[in-house]
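Reader: I have a structure to go through and don't know where to begin. Can we take it piece by piece?

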Amino acid sequence: MGFEQHREGVERLLASYRAIPADASVRLAKKTSNLFRARAKTSAPGLDVSGLAGVIAVDAQARTADVAGMCTYEDLVDATLPYGLAPLVVPQLKTITLGGAVTGLGIESTSFRNGLPHESVLEIDVLTGSGEIITATPDGEHAELFFGFPNSYGTLGYSTRLKITLEPVKKYVALRHVRFDSLKKLEETMDRIVTEREYDGIAVDYLDGVVFTDSESYLTLGVQTDEEGPVSDYTDQDIFYRSIQHSSLTQPKTDRLTIRDYLWRWDTDWFWCSRAFGAQNPKIRRFWPKQYLRSSFYWKLIALDHKYDIGDRLEKRKGKPPRERVVQDVEVPIERTADFVSWFLEEIPIEPLWLCPLRLREPSPAAASASRLDQSATSRLDQSATSRPWPLYPLEPKRTYVNIGFWSSVPIVPGEREGAANRLIEEKVSDFDGHKSLYSDSYYSKEDFEELYYGGDRYIGLKERYDPKSRLLDLFSKAVQRK
């Protein structure tokens with residue numbers, strides 16, 4: 001889009017901010033969202049972010065990109081792959097925006113070596129609650145906002161531009177699907193791979209897993225390659241997560257994808273959630289238009305369900321109770337993974353589960369041999385990697401966690417309080433020294449929420465400095481009270 005076009009988009013954004021009544025909350029005016037929690041409706045105009053949806057520039061030599069805050073990862077990847085580059089972490093769904101992944105967290109199969117999306121950010125331009133656009137860097141006057149921005153979900157401001165570092169990628173990803181009949185063995189193997197970055201003598205560049213039952217689980221190990229050869233296609237009739245189950249305990253199944261298809265391997269079926277819409281039924285899938293086999297279309301179906309309560313009405317016609325949505329991602333220390341998953345499978349009737357190990361990013365060993373331009377970007381990134389003071393989502397440096405994702409619903413038991421299953425999960429995650437992402441329903445008390453997500457008094461201090469008139473909602477109001 002170029003810097004001039006981006007500047008024009010920023011001017012429209014500022015004009016829309018000034019048009020919002022002084023007594024109204026400032027919110028984005030956008031039709032789509034990757035959040036699963038409902039929001040209170042408002043009649044006030046929102047921020048015009050229509051001019052902030054593209055890649056501004058890619059510097060292939062420095063391995064950096066300037067990106068508008070509302071740019072989707074699909075567009076970002078399309079802009080960087082021609083240079084043989086990709087973001088350090090590419091969240092699973094095409095419509096997730098870079099700004100959204102940074103302020104709301106994101107994760108993927110590179111997170112065991114590259115951390116979370118906000119850790120690849122070099123600087124951010126933020127529209128604050130006071131209507132100013134400031135540039136936050138790890139070592140500037142707004143460093144406190146830079147580190148407090150992740151997991152703030154737009155309550156400290158909205159990113160208009162992010163400068164991120166990129167990494168080289170090859171044309172293909174070769175996969176091995178390793179099967180386990182013991183969750184503890186899977187946990188131990190995953191921990192060893194994270195430490196050694198290899199398995200059975202072969203390097204591992206990508207690592208995630210799927211649990212179907214306590215006796216059937218898999219790790220998918222990916223390695224980049226330029227070697228030519230046949231590739232699989234999971235964008236049409238074949239379903240990626242079902243292909244994983246073709247592995248045996250003694251013989252891992254192998255596979256190959258183009259790098260682009262690997263990055264979006266989960267998007268075609270929104271992991272396994274497309275089955276809720278019948279899209280995995282072969283008789284239906286055969287006639288399902290290919291352009292609608294993607295997460296953005298499933299989001300439209302979800303929006304219709306929220307608007308008209310379609311799912312609960314169908315359950316009622318079948319004589320069944322309404323269902324509680326249980327759509328969450330949690331992180332637990334890797335040594336607690338098997339125990340947490342075992343508890344979950346016994347208590348919550350949802351499967352499969354997604355596993356994704358992560359560690360906060362450590363200084364790059366390649367910095368010493370990087371080019372001068374690359375060194376400048378890398379040194380700034382590595383400087384912020386030494387202590388990692390991300391106060392609103394405080395993962396410990398040099399400690400491995402596993403993200404566990406579960407996305408479905410359970411029957412509501414008559415007489416139980418609202419969100420009974422989600423509340424139970426929240427309590428258990430805390431018992432396991434874990435954390436829960438805030439993109440979906442939360443039920444914490446105000447006291448517990450502030451203890452978990454406010455970073456002591458860090459968040460309050462940031463709100464007072466960058467949103468002194470409370471034009472933006474606070475995090476508790478947004479994440480728990482759904483305002």
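Author: What follows is a walk through some strands, cysteines, cores and loops of this predicted model.

Reader: Ok, sheets then. What is the strand order in the open sheet of eight strands?
Author: The order is β12-β7-β11-β10-β14-β15-β13-β16, and the pairing is antiparallel. The edges are β12 (253-258) and β16 (435-436), each of which pairs on one side only.

Reader: How many bridges join β14 to β15?
Author: Five bridges join β14, residues 353-358, to β15, residues 401-411. One of the pairs puts Leu-358 opposite Tyr-401 in β15.

Reader: Which strands does helix α12 touch?
Author: Helix α12, residues 337-347, packs on the sheet and touches β10 (206-213), β13 (323-333), β14 and β15. The direction of α12 makes about 5° with that of β15.

Reader: Switching topic. How many disulfides are there?
Author: Zero. A disulfide is a covalent bond between the sulfur atoms of two cysteines.

Reader: Why is Cys-273 not bonded to Cys-356?
Author: Cys-356 has the cysteine sulfur closest to that of Cys-273, but the two are 16 Å apart, so they are too far for a bond. The cut-off for a disulfide is 2.5 Å between the sulfurs.

Reader: Are those cysteines buried or exposed?
Author: Cys-273 counts as buried because its relative accessibility is 17%, and the cut-off for buried is under 20%. Cys-356 is also buried, at 0%.

Reader: What about the nonpolar core? Which residues touch the most other members of the largest one?
Author: Ile-164, Trp-266 and Phe-449 do, in a core of 85 residues. Leaving aside neighbours within four places in sequence, Trp-266 is in contact with residues including Val-210, Phe-240, Phe-271, Trp-272 and Trp-354. The contacts of Trp-266 also include Gln-92, Glu-108 and Asp-208. Apart from the largest core lies another, of 34 residues, among them Phe-112, Val-326, Ala-421 and Phe-432.

Reader: Back to strands. How many residues of β4 are buried?
Author: Seven of its seven residues, which are 121-127.

Reader: And which strands does β4 pair with?
Author: One is β6, residues 158-168, through six antiparallel bridges. Another is β5, residues 133-136, through four bridges, again antiparallel. Glu-123 stands opposite Lys-163 in β6, and Ile-124 has Ala-136 in β5 as its bridge partner.

Reader: How many residues sit between the strands in the hairpin of β4 and β5?
Author: Five residues lie between the strands of that hairpin, where Gly-131 takes a positive phi near 85°.

Reader: Now loops. Where is Ser-247?
Author: Ser-247 is in the loop between α7 (240-244) and β12. Ser-247 counts as buried because its relative accessibility is 4%.

Reader: What does Ser-247 touch?
Author: Beyond residues up to four places away in sequence, Ser-247 touches His-177, Arg-179, Tyr-218, Pro-252 and Lys-253. A polar atom of the Ser-247 side chain lies 2.8 Å from the backbone oxygen of His-177. Arg-179 is 68 residues apart from Ser-247 along the chain, yet their C-alpha atoms are separated by 6.2 Å.

Reader: Last one. Is Ser-437 buried or exposed?
Author: Ser-437 is buried, with 7% relative accessibility. Ser-437 lies in the loop between β16 and α15 (446-453). Not counting residues up to four places away in sequence, Ser-437 touches Tyr-153, Gln-328, Asp-329, Glu-331 and Tyr-393.

Definitions and conventions:
Residues numbered from 1 in each chain as written. Predicted model: local features only at pLDDT ≥ 70, side-chain atom pairs only at ≥ 80, totals over all residues. Heavy atoms only, no water. Pairing = 2+ DSSP bridges. Helix = DSSP H or I, 4+ residues; strand = E, 2+ residues; numbered from the N terminus. Contact = heavy atoms within 4.5 Å. Axes fitted to C-alpha atoms, helices over the stretch in contact; angles between N-to-C directions. Buried < 20%, exposed > 50% of the residue type's maximum accessible area, 1.4 Å probe, protein only. Core = buried A, V, L, I, M, F, W, Y, C linked by side-chain atoms within 4.5 Å. Polar contact = N/O pair within 3.5 Å; in protein donor to acceptor, adjacent residues only side chain to side chain.
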